[in-house]
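Okay, thanks everyone for coming. I'd like to walk you through some helix packing, so have a look at this while I talk.

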Amino acid sequence: MKTGIDLYKESTAIRNTYKILPFQGVWSWLTGKDIPGRKALWKSNSIEMICWSISWIVVGTLLIYLSLNNNMSSLIKFILYLVGVLFSTSGARYIVATIIHQGVHGNLLSTKSRNRVICEILSTIFITQPYDSYRQFHIYEHHGKDFSTTEDKDLAAVYKLGFEPGKTKKQLYINLFLTLFSPYFHFSYFYGRIKSNLIYIIVYQIASLLQLMTEHVWLLRRENETILHSHIKNSLGRFCGSPCPESFSLKYSLQWILWAFKHLFYHLPVRMLIVQGSLICHDWHHRVSNIKEWYDYTRLREINAEKLAKEGKYDYTEFWGFYNCLDHVLTMLSNSEPIDVNNLKYRLN
């Protein structure tokens, strides 16, 4: 695996192949990697992001309703239903994993009380952790001294779900497949969400598990390793995309068809469901978590990446294609020493 300046050059080269296409803002959103110095068409804000996420849920719900209550062919109904699930789940994931997440960081609205109100409303609607418990867990534990230790409840969740260091990669993949479709996993996850607040669709929880599995490497922090270095080393960039063909010449027609198919049915669903919002640049978030312009994540991450590359200090770890990131995490876990996970306490959100 390439690291340092070589990784930055390779990653930038892949993104530059998209310059052959129009609408560079769309490709920056899809891939998660921006072009240095690109000028956006307008300046976004947190309220716009909230409105977008809610609108996706509304569109998705309407499509699901239409698929179940109209006299259309079975094929059309099935397609509408799948697209509806994609949009509604993506909107819900955006609200929980991005909007509420930025709210507990204090980056969403102008005051702590306003952040609290919007987080409490949304967490109740979507049956997830309320503001105070999520803030305590996420800010003071996951972003604090507990990160990459046995006290990190996210790390504990990964281990307790069977993704333990020392298992073979084959065992880890089998465990991932079984967990994604495990009734016990979905029931315990749903029960935990209800207990925090006192059905959401299974696709939501599958996406949530895949996101959790790949946002960090999930290796325990070494004895003499600083917290900051652990955040940098264990956090992963997960870009969605693959190089564009060289030109629009007819001889590249088949390559363009395959490229479009892969983006439409692989990269786009992953972007919408698993690494939605700023999660695609989660590695940048663990370096600078208190940024009010969090919604401008692709541009701000690229500014930081370019700066580090010019200084010869590039230390991001990033992957193009979700599977490549997942395979890296499972490889690292498989190559690590086994640990006792019996007494770990974890939380799924």
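At what angle, roughly, do the axes of helix H5 and helix H6 cross? Before I answer, keep in mind that this is a predicted model. So, H5 is residues 112–125 and H6 is residues 131–142, and their axes cross at roughly 110 degrees, coming within 9 Å. Angles of 65 to 115 degrees count as roughly perpendicular, and therefore that's what we call H5 and H6. If you want to find the contact, on the H5 side look for Lys112, Asn115, Arg116, Cys119 and Glu120. Facing them from H6 are Tyr131, Asp132 and Arg135.

Now stay on H6, because H4 is roughly perpendicular to H6 too. Here the angle is about 80 degrees, and the axes are 9 Å apart. H4 brings Ile100, His101, Gly103 and Val104 to this meeting, and H6 brings Tyr131, Tyr134, Arg135, His138 and Ile139. You'll have spotted Tyr131 and Arg135 in the H5 contact as well.

What about H4 and helix H10, which is residues 202–215? Their axes come within 10 Å and cross at roughly 50 degrees, so this pair is oblique. The crossing is right-handed. The residues touching here are Val85, Thr89, Ala92, Arg93 and Val96 from H4, against Val203, Tyr204, Ala207, Ser208 and Gln211 from H10.

One last thing, on the surface. Which residues make the nonpolar patch? They're Leu68, Leu75, Phe78, Ile79, Tyr81, Leu82 and Val83, and together they cover about 670 Å². Six residues of that patch come from H4, the largest share, and Phe78 is one of the residues placed in H4. That's my tour, so over to you.

Methods
Residues numbered from 1 in each chain as written. Predicted model: local features only at pLDDT ≥ 70, side-chain atom pairs only at ≥ 80, totals over all residues. Heavy atoms only, no water. Patch = residues over 30% accessible without salt bridge, like charges linked within 9 Å, V, L, I, M, F, W, Y side chains within 5 Å. Areas by Shrake-Rupley, 256 points an atom, 1.4 Å probe, with all protein chains shown as cover. Salt bridge = Lys/Arg side-chain N within 4 Å of Asp/Glu carboxyl O. Helix = DSSP H or I, 4+ residues; strand = E, 2+ residues; numbered from the N terminus. Axes fitted to C-alpha atoms, helices over the stretch in contact; angles between N-to-C directions. Parallel < 35°, antiparallel > 145°, perpendicular 65-115°, else oblique. Left-handed = near helix turned anticlockwise from the far one by under 90°. Contact = heavy atoms within 4.5 Å.
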